[in-house]
Amino acid sequence: MKLFRTKQGNVLEAAGKYYHLDQPWDELVNRDNLFAYLEKTAASGKEMPAGQDKDWLERSILPPIGSQEVWAAGVTYLRSRNARMEESQESGGATFYDKVYEADRPELFFKSLPHRVAAHGEHVYIRRDSKWNVPEPELTLFINSKGAIQGYTVGNDMSSRDIEGENPLYLPQAKVYERSAALGPCLYVPKESIPLSSMIRMTITREGKKVYEGEVPVSQMKRGLTELAGWLYRETDFVNGCFLMTGTCLVPPNEFTLQEKDRVDISIDGVGILTNYILYKPVK
Ligand code: DO4
Ligand code: MG
């Protein structure tokens with residue numbers, strides 16, 4: 001089942017049918033057994049009028065987030081560890097990435113407040129003070145206030161690799177700025193946990209030509225999804241739940257940097273495709 005936040009309210013897609021839901025997003029998603037609730041809602045719900053279908057939905061989509069914070073895990077895949085070690089070699093920061101990959105405690109960092117999150121179809125921004133900007137395609141968990149994973153979405157953890165490589169203490173500046181995160185297109189709520197065989201795919205298109213393409217199964221992750229959620233909730237409460245990006249394994253070659261007008265498509269089996277376009281933050 002899929003939940004969409006739209007300009008006209010919240011929409012449930014179940015077995016190819018669409019239903020309007022009245023509750024505010026936070027109240028709707030933050031519950032025990034969200035799947036069972038949505039199943040019951042679909043059985044008794046009123047279908048949306050004709051004309052409000054897939055195409056209408058595509059045009060109306062907002063990011064699937066209410067008042068939740070977005071957090072992110074890092075260096076959860078070997079490819080990410082190696083890339084960070086390369087980028088921070090000169091600054092002497094490489095050893096931190098090596099250590100955190102092996103450590104019991106994962107790297108978890110604050111990524112975004114909801115108002116900085118871009119929706120499917122919107123622009124994400126690259127930093128003007130960076131020469132090495134990349135997207136990071138990440139399976140993103142929705143965890144309820146009790147710490148249980150209830151759903152999944154596609155996340156883009158936009159990152160400035162030269163800034164984080166210069167000094168690990170610059171990580172917040174490499175990761176947190178306007179529109180540095182995208183989530184969508186929906187919150188996918190399956191009956192069972194997402195299979196680890198699910199593929200994460202990313203393509204980057206420039207002037208109509210594919211300039212990067214990669215794919216990886218979630219199973220390549222070194223850590224477990226419940227393990228990451230457990231660490232995040234250790235000493236922190238999230239009253240309306242929280243989103244947690246789980247790290248990237250797809251890293252374009254070191255000579256690659258994003259340019260304005262590039263298109264980034266990230267898909268995860270079962271969840272859908274998140275498309276965003278690259279832009280510098282407009283000058284006020
Ligand atoms: O420590 C740097 C960031 C790591 C990250 O965002 C990732 O591995 O996805
Ligand atoms: Mg990341």
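This is a short talk on aromatic pairs, a ligand site, one helix and some backbone details in a single structure.

Good morning. Please keep in mind throughout that the structure is a predicted model.

I shall begin with the aromatic residues. A pair of aromatic rings is described by the distance of the centres and the angle of the planes. In this model there are 4 aromatic pairs. Take W71 and F238: the ring centres are 6.4 Å apart and the planes meet at 80°, so this pair is classed as edge-to-face. The angle is decisive here, because planes over 60 degrees apart count as edge-to-face. In sequence, the two partners are 167 residues apart, and the pair therefore links distant parts of the chain. W71 belongs to strand 5, residues 69–74, while F238 lies in the loop between helix 8 (225–232) and strand 16 (242–245).

What is the relative accessible area of F238? The value is 3%, so F238 is buried. F238 also has a partner in Y233. For that pair the centre-to-centre distance is 4.8 Å and the planes are 45° apart, which makes the arrangement tilted. Y233, like F238, is buried. Taken together, W71, F110, Y233 and F238 make up one aromatic cluster.

Rings also take part in another kind of arrangement, with arginine. R31 lies over the face of Y37, and the distance to the ring centre is 3.6 Å. Similarly, R234 places its charged end over the ring of W231, 3.8 Å from the centre.

I turn now to ligand 1. Which residues come nearest to it? There are 16 residues around the ligand, and V75, S80, E107, K175 and T248 are the nearest of them. Two glutamate side chains deserve attention. In E136, a side-chain N or O atom is 3.0 Å from an oxygen atom of ligand 1. For E138, the corresponding distance from a side-chain N or O atom to a ligand oxygen is 3.0 Å. With T248 the backbone is involved: one of its polar backbone atoms is 2.9 Å from an oxygen atom of the ligand. On its own, ligand 1 has 280 Å² of accessible area, and the protein covers 100% of it.

The next topic is helix 4. This helix spans residues 78–87 and includes R81. Is R81 buried or exposed? R81 has a relative accessible area of 18%, so it counts as buried, the cut-off being under 20%. Apart from neighbours within four places in sequence, R81 is in contact with V75, Y97, D98 and Y101. The buried residues of the helix are S80, R81, A83, R84, M85 and E87. An α-helix has 3.6 residues a turn, so residues three or four places apart point the same way. The buried residues of helix 4 pack against helix 5 (94–102), helix 6 (161–166) and helix 7 (171–175).

In contrast to these buried positions, consider K210, in strand 15, residues 209–217. K210 has a relative accessible area of 54% and is therefore exposed. Its contacts, neighbours within four places in sequence aside, are T203, I204 and T205. The side chain of K210 also makes a polar contact of 3.3 Å with that of E213. How far apart in space are K210 and K191? From C-alpha to C-alpha they are 35 Å apart, with a separation of 19 residues in sequence.

Finally, I come to the backbone. Most residues other than glycine have a negative phi, and most peptide bonds are trans. Three places in this model merit inspection against that background. The peptide bond from G184 to P185 is cis, its omega being near 0°. P185 itself is part of strand 13, residues 181–188.

The other two places concern phi. N33, which is not a glycine, has a positive phi near 45°. N33 sits in the loop between helix 1 (25–29) and helix 2 (34–44), and at 48% relative accessible area it is partly exposed. R179, also not a glycine, has a positive phi of about 50°. Where is R179 found? R179 is in the loop between helix 7 and strand 13. Its relative accessibility is 22%, so R179 counts as partly exposed.

To close, I would return to F238, which pairs with W71 and with Y233. Thank you for your attention.

Methods. Residues numbered from 1 in each chain as written. Chains lettered and ligands numbered in written order. Predicted model: local features only at pLDDT ≥ 70, side-chain atom pairs only at ≥ 80, totals over all residues. Heavy atoms only, no water. Phe/Tyr/Trp six-rings, centres within 6.5 Å; stacked < 30°, edge-to-face > 60°. Helix = DSSP H or I, 4+ residues; strand = E, 2+ residues; numbered from the N terminus. Buried < 20%, exposed > 50% of the residue type's maximum accessible area, 1.4 Å probe, protein only. Lys NZ or Arg CZ within 6 Å of the ring centre and 35° of its normal. Contact = heavy atoms within 4.5 Å. Near = heavy atom within 4 Å. Polar contact = N/O pair within 3.5 Å; in protein donor to acceptor, adjacent residues only side chain to side chain. Areas by Shrake-Rupley, 256 points an atom, 1.4 Å probe, with all protein chains shown as cover.
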